[in-house]
Amino acid sequence: MLGLKRGTVKLIPHQKQWRDEFIKEKNLLHSIISEHIEVEHVGSTAVPELLAKPIIDIAIGLTPESQSEQIKKILVENGYEDRGDDGSGGHLFVKGSENIRTHHLHIIEKDSELWKNYISFCDYLKSHKPAREEYNLLKRDLEKKYANNREAYTISKADFIKKILKNL
């Protein structure tokens with residue numbers, strides 16, 4: 001299963017095909033944006049054994065040489081919707097219909113603190129089962145509380161994420 005109604009929260013167990021979906025999208029991104037980018041699978045769909053919303057999160061790291069305005073134009077021409085500043089220092093694009101989102105694409109300056117946080121948080125969860133289990137419990141509780149309020153769900157996870165990143 002891939003895709004979720006905009007604004008809602010529904011968690012499902014990790015699906016092996018999410019990696020395949022990421023690789024397919026990564027290959028597409030490299031074919032349409034040929035230079036000065038790094039593409040990483042981030043977010044919960046990148047972490048085995050972690051509950052996740054069935055939306056593939058992808059981070060594109062841009063180098064200073066990247067033509068960000070040209071890249072944004074290319075993404076829109078290839079089915080991504082430009083959602084603007086994501087509130088964390090990155091730029092958000094979404095893919096899928098207005099009702100069912102399948103991909104979130106975060107454009108970030110490569111090697112920035114935000115970029116490192118995306119990668120480090122995923123890597124930490126992949127290698128630390130107790131943290132992964134704690135995060136699963138938190139996410140499940142928040143899903144019940146905020147099933148129809150994705151913004152509140154996301155905000156409510158922030159303290160856990162900050163706690164992990166602080167210790168890295």
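# Exercises on helix packing, pockets and single residues

Helix 3 supplies four residues to the lining of the second largest pocket, the most of any element. The model used in these exercises is predicted.

**Exercise 1.** Describe the second largest pocket by volume, lining and residue class.

Solution.
- Step 1, volume: the second largest pocket holds about 190 Å³ of space.
- Step 2, centre: 13 residues line this pocket, and Arg19, His41, Ala46, Pro48 and Lys126 are the closest to its centre.
- Step 3, elements: helix 1 (17-32), strand 2 (37-42) and helix 3 each give two or more residues to the lining.
- Step 4, classes: the lining residues comprise five nonpolar, three polar and five charged.

**Exercise 2.** Do the same for the largest pocket, and state which element gives the most to its lining.

Solution.
- Step 1, volume: about 1,400 Å³ of space lies in the largest pocket.
- Step 2, centre: the lining has 40 residues, of which Asp86, His106, Tyr118, Thr154 and Lys157 are the closest to the pocket centre.
- Step 3, elements: two or more residues come from each of strand 4 (80-85), strand 5 (91-96), strand 6 (100-109), helix 3, helix 4 (129-145) and helix 5.
- Step 4, main contributor: helix 5 gives the most, with nine residues.
- Step 5, classes: the lining divides into 17 nonpolar, ten polar and 13 charged residues.

**Exercise 3.** How are helix 3 and helix 5 oriented to each other, and which residues make the contact?

Solution.
- Step 1, geometry: the axes of helix 3 (residues 113-127) and helix 5 (residues 150-166) cross at roughly 90 degrees and come within 10 Å.
- Step 2, class of angle: angles of 65 to 115 degrees count as roughly perpendicular, and helix 3 and helix 5 are therefore roughly perpendicular to each other.
- Step 3, residues: helix 3 contributes Asn117, Ser120, Phe121 and Tyr124, while helix 5 contributes Phe160, Ile161, Ile164 and Leu165.
- Step 4, chemistry: six of the contact residues are nonpolar, two are polar and none is charged.

**Exercise 4.** Repeat the analysis for helix 3 and helix 4.

Solution.
- Step 1, geometry: the two axes are 5 Å apart, at an angle of about 105 degrees.
- Step 2, class of angle: helix 3 and helix 4 are therefore roughly perpendicular to each other.
- Step 3, residues: Phe121, Tyr124, Leu125, Lys126 and Ser127 of helix 3 meet Lys129, Ala131, Arg132 and Tyr135 of helix 4.
- Step 4, chemistry: this contact has five nonpolar, one polar and three charged residues.

**Exercise 5.** Is Leu105 buried or exposed, and what does Leu105 touch beyond its sequence neighbours?

Solution.
- Step 1, location: Leu105 belongs to strand 6.
- Step 2, accessibility: buried means under 20% relative accessible area; Leu105 has 0% relative accessibility and so counts as buried.
- Step 3, contacts: leaving aside neighbours within four places in sequence, Leu105 is in contact with Leu29, Ile58, Ile60, Leu75, Tyr80, His91, Leu92 and Phe93.
- Step 4, a C-alpha distance: 8.0 Å separates the C-alpha atoms of Leu105 and Lys95, which are ten residues apart along the chain.

**Exercise 6.** Locate Glu49 and Asp111, and give the phi value and accessibility class of each.

Solution.
- Step 1, Glu49: this residue lies in the loop between strand 2 and strand 3 (56-62). Its phi is near 70 degrees, a positive value in a residue other than glycine.
- Step 2, Asp111: the loop between strand 6 and helix 3 holds this residue. Phi of Asp111 is also positive, near 75 degrees, again in a residue other than glycine.
- Step 3, accessibility: exposed means over 50%. Glu49, with a relative accessible area of 51%, is exposed, whereas Asp111, with 48%, is partly exposed.

Note on methods:
Residues are numbered from 1 along each chain as its sequence is written. This is a predicted model: local features need pLDDT of at least 70, side-chain atom pairs count only at pLDDT 80 or more; totals for chains, interfaces and linings use all residues. Side-chain values use heavy atoms; hydrogens and water are left out. Axes are lines fitted to C-alpha atoms, for helices over the stretch in contact, and angles run from 0 to 180 degrees between N-to-C directions. Angles under 35 degrees count as roughly parallel, over 145 as roughly antiparallel, 65 to 115 as roughly perpendicular and the rest as oblique. Contact means heavy atoms within 4.5 Å. Ala, Val, Leu, Ile, Met, Phe, Trp, Tyr, Cys and Pro count as nonpolar, Asp, Glu, Lys and Arg as charged, and the others, Gly among them, as polar. On a 1 Å grid over the protein atoms alone, a cavity is a set of points where a 1.4 Å probe fits but cannot get out, and a pocket is an open set with protein on both sides within 12 Å along at least five of seven lines; lining residues have an atom within 4 Å of a point. Grid points are joined across faces, edges and corners, and a volume is the space filled by probe spheres set on the points. Buried means under 20% relative accessible area, exposed over 50%, partly exposed in between (1.4 Å probe, protein chains only).
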